[in-house]
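Visitor: Before we look, I would like to ask how the labels attached to a model are justified. Please take each label back to its value and its cut-off.

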Amino acid sequence: MKNRKTPKYIGEKYFDFDVEYELIIYKFLCNIHLENKEIRKINEEHKFITYVQWKDYIVSKYKAYEDDMLIEFIHYLNQKIRNVDSGYEYYGIFIPILLTILSDKLYEQLITICNVEIHSILYVLGEIVFMAVVVIVSVFLIKKITAPMYEKSFEKNFYLDYKKEIERILRERNPDIQL
């Protein structure tokens with residue numbers, strides 16, 4: 001039996017909110033690099049160029065929902081924001097540690113290479129090639145280490161923007177509503 005308590009299931013079942021698909025739409029809107037399989041998933045009518053088009057899409061999707069259901073949806077989005085924040089905090093702790101270790105090892109390697117006696121031009125070229133490989137690998141590792149932090153930040157902004165538009169729908173209906 002399928003677990004009916006997962007956030008993904010709740011989002012799809014009660015709020016017509018497929019997180020993966022909505023994130024692809026938002027990535028397209030923000031001109032974030034999309035993989036080919038993501039581009040194929042998105043419908044042509046959901047390839048928004050402006051924020052206003054995306055906002056109108058959300059309004060048309062949720063204007064028929066009752067106020068109580070929209071308030072529940074806001075609470076759902078708040079929970080998603082909290083979940084992303086906790087992951088973001090962990091990355092904020094571990095990334096400096098990993099970068100420190102990586103930069104320390106790179107520095108040790110540079111010192112070792114600089115202290116080696118030079119016997120021939122071929123040896124110098126070998127050292128330069130080795131240094132270039134070490135630097136390229138280090139840059140690649142730094143990019144891989146920091147990428148999840150940027151992803152979490154993007155995801156949080158997505159939920160915040162979505163929540164803002166749902167709140168706007170509620171406030172247009174009932175300006176005195178307390179959220």
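Guide: What follows is a set of questions about a predicted model, each answered by setting a value against a definition.

Visitor: What makes K47 and E44 a salt bridge?

Guide: The closest N and O atoms of K47 and E44 are 2.9 Å apart, and because the rule asks for a Lys or Arg side-chain nitrogen within 4 Å of an Asp or Glu carboxyl oxygen, the pair is counted as a salt bridge. By this rule the count comes to 7 salt bridges.

Visitor: Why is K47 called partly exposed, and why is E44 called exposed?

Guide: The relative accessibility of K47 is 21%, and a residue is buried under 20%, exposed over 50% and partly exposed in between, so K47 counts as partly exposed. E44 has a relative accessible area of 62% and is therefore exposed.

Visitor: How do you know that the pair R173 and D67 ties together parts that are apart in sequence?

Guide: The side chains of R173 and D67 meet in a salt bridge, with 2.7 Å from N to O. Because R173 lies in helix α6 (residues 121-173) and D67 in helix α5 (residues 67-114), the pair ties together parts that are 106 residues apart in sequence. R173 is partly exposed at a relative accessible area of 35%, and D67 is partly exposed at 23%.

Visitor: What separates R168 and E165 in helix α6, and which of the labels buried or exposed fits E165?

Guide: R168 and E165 form a salt bridge whose closest N and O atoms are 2.9 Å apart, and because they are 3 residues apart in helix α6, about one helical turn separates them. E165 has a relative accessible area of 2% and is therefore buried, whereas R168, at 25%, is partly exposed. E165, R168 and E172 are linked in a network of salt bridges.

Visitor: Why is K80 said to have no salt bridge?

Guide: K80, whose place is in helix α5, is buried, and the nearest side chain of opposite charge, E155, is 5.7 Å away; because a salt bridge needs nitrogen and oxygen within 4 Å, K80 has none. Leaving aside residues up to four places away in sequence, K80 touches P7, V19 and Y159.

Visitor: How do you know that the buried residues of α4 line one face of the helix?

Guide: The buried residues of α4 are W54, Y57, I58, K61 and Y62. Seen down the axis of α4, these buried residues fall within an arc of 110°, so they line one face of the helix. Helix α4 (residues 51-62) has 12 residues and reaches 17 Å from its first C-alpha to its last, close to the 16 Å expected at 1.5 Å a residue.

Visitor: What is notable in the phi values of D16 and N31?

Guide: Phi of D16 is near 50°, a positive value in a residue other than glycine, and phi of N31, likewise positive in a residue other than glycine, is near 60°. D16 is found in the loop between α1 (7-15) and α2 (19-29), while N31 has its place in the loop between α2 and α3 (36-41).

Visitor: What makes D16 partly exposed and N31 exposed?

Guide: The relative accessible area of D16 is 46%, and because partly exposed covers values between the 20% and 50% cut-offs, D16 takes that label. N31, at 68% relative accessibility, counts as exposed.

Definitions and conventions
Residues numbered from 1 in each chain as written. Predicted model: local features only at pLDDT ≥ 70, side-chain atom pairs only at ≥ 80, totals over all residues. Heavy atoms only, no water. Helix = DSSP H or I, 4+ residues; strand = E, 2+ residues; numbered from the N terminus. Expected span 1.5 Å × (residues − 1). Buried < 20%, exposed > 50% of the residue type's maximum accessible area, 1.4 Å probe, protein only. Arc of directions from axis to C-beta. Lys, Arg positive; Asp, Glu negative; His and termini not counted. Contact = heavy atoms within 4.5 Å.
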